[in-house]
Amino acid sequence: MITERIDNITRIPENYRIITPPAPKSVKIEVTGKCNYRCGFCPLMTRENPGRDMDWKFFKRITEEMITIGVQEIGVFFMGESFTSSDLLVKAIKHLKRIGTPYVFLTSNASVANANSVARVMKSGLDSLKWSVNIADKEQFKEIVGVKESLFEQALDNIKNAYELRQKRGYKTKLYASSIRYDDEQLVRIKKLLDTRVIPYVDQHYWLPLYSMGSLATAKEKELGMQPIAGNPGRYDNPVPPIPCWTLFTETHIMNDGRMTACCADATGEWVMGDLKTQSFMEAWHSEKFQELRKEHLSGNVIGTKCENCVIYK
């Protein structure tokens with residue numbers, strides 16, 4: 001199940017708790033920076049000109065290198081909504097399965113994941129498709145997402161259609177959903193929607209806390225009355241300590257321009273540790289900047305680092 005995979009990534013094994021750990025177990029690649037949502041809590045809203053697709057030849061090169069060094073899981077998304085570039089997404093999944101990637105996964109807001117696009121990614125061999133369902137009703141959708149309300153219903157219809165399509169055609173893709181628990185009130189507010197329009201159409205649903213997102217979206221969060229937690233402790237029901245942060249040791253993120261960042265919420269390059277356009281994957285993974293940041297996290301003291309405002313969130 002997906003929760004076991006998440007916990008396997010967020011819990012740092014002893015042999016990874018060094019400044020030059022083995023190749024990460026998991027890598028998320030931003031095949032596109034485009035997103036049709038404008039969620040107030042998302043760091044992507046702080047990025048200028050986000051709508052860029054990753055160069056195809058570059059994607060092929062870096063993913064082939066990843067498989068060679070032992071990366072086991074590759075996510076075909078990071079900040080953007082990958083279904084906005086569905087042709088590239090399908091091509092990426094086909095390539096990853098062709099080169100022997102053990103596990104290919106994707107998270108989507110579901111709003112543009114129409115039946116044709118979903119059928120194509122499932123047929124291409126996608127192992128896991130997770131829906132991000134964080135909105136309880138149209139009123140909250142208007143308040144938080146900031147785009148036309150028809151997309152709210154469209155997303156829910158697409159979740160149901162994807163399940164029915166998989167059952168009908170026998171695709172092997174697992175379907176999951178997660179929801180951000182903004183607060184206890186949200187838990188009650190979204191329950192009916194989850195019970196009737198999401199959970200019946202996925203293999204598993206789980207909760208996430210509202211992360212501080214590297215403290216990049218705090219102004220909007222305060223405006224909406226949200227109170228993020230410190231760092232990125234993984235799942236709500238099975239959290240890990242914010243320090244050391246697992247994203248420095250077991251998973252890394254590649255931006256659409258090829259830069260490797262240490263932070264799962266880095267939309268603007270503040271945590272960039274290397275550049276795969278000029279470095280090999282392991283050169284970037286073991287860069288001096290990465291080693292120094294890991295050293296601080298392993299010491300338990302991140303005062304004065306880029307991570308201070310995230311893991312010591314106030």
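**Strands, cores and a few backbone oddities**

Strands β5 and β6 (residues 204-209) run parallel and are joined by six bridges. This is a predicted model, and what follows should be read in that light. Within this pairing, S178 has Y206 of β6 as its bridge partner. On another side of the story, β5 also pairs with strand β4 (residues 128-132), again in the parallel sense, this time over five bridges. Here W131 is matched with A177 of β5. Strand β5 itself, covering residues 174-181, is mostly tucked away, with seven of its eight residues buried.

W131 turns up again in the nonpolar interior. The largest nonpolar core counts 91 residues, and W131 is listed with F59, M66, V76 and I254 as having the most contacts inside it. Helix α6 (residues 150-169) supplies the largest share of this core, namely seven residues. A second core, separate from this one, has five residues, among them M79, M255, A267 and V272. As for M66, once its neighbours within four places in sequence are set aside, its contacts are V27, I29, V71, I74, I254 and F281. One of these, I254, is itself among the residues with the most contacts in the largest core.

Next come the helices. Helix α2 (residues 56-69) packs against helix α3 (residues 86-98) at an angle of about 30°, and the two axes lie 11 Å apart. With angles under 35 degrees counting as roughly parallel, α2 and α3 are therefore roughly parallel to each other. The crossing of α2 past α3 is right-handed. On the α2 side, the contact involves W56, F59, K60, T63 and E64, while α3 brings in L88, K91, A92, H95 and L96. F59 thus appears in this helix contact as well as among the residues with the most contacts in the largest core.

Strand β3 (103-108) and the loop that follows are worth a look too. T107 lies in β3 and has a relative accessible area of 18%; since buried means under 20%, T107 counts as buried. Leaving out neighbours within four places in sequence, T107 touches F77, K130 and S132. A110 sits in the loop between β3 and α4 (115-123). Its phi is near 80°, a positive value in a residue other than glycine. Most residues other than glycine have a negative phi, and most peptide bonds are trans. A110 is also well hidden from solvent: its relative accessibility is 1%, so this residue counts as buried.

A second backbone departure involves a proline. The peptide bond running from I243 to P244 is cis, with omega near -5°. P244 is placed in the loop between α9 (218-223) and β7 (251-254).

Finally, D275 belongs to strand β9 (residues 272-275). V272, at the start of that residue range, is one of the members of the second core. The C-alpha atoms of D275 and M260 are separated by 5.8 Å, although these residues are 15 apart along the chain. Beyond its neighbours within four places in sequence, D275 is in contact with D257, G258, R259 and A284.

Technical notes. Residues numbered from 1 in each chain as written. Predicted model: local features only at pLDDT ≥ 70, side-chain atom pairs only at ≥ 80, totals over all residues. Heavy atoms only, no water. Core = buried A, V, L, I, M, F, W, Y, C linked by side-chain atoms within 4.5 Å. Buried < 20%, exposed > 50% of the residue type's maximum accessible area, 1.4 Å probe, protein only. Helix = DSSP H or I, 4+ residues; strand = E, 2+ residues; numbered from the N terminus. Contact = heavy atoms within 4.5 Å. Pairing = 2+ DSSP bridges. Axes fitted to C-alpha atoms, helices over the stretch in contact; angles between N-to-C directions. Parallel < 35°, antiparallel > 145°, perpendicular 65-115°, else oblique. Left-handed = near helix turned anticlockwise from the far one by under 90°.
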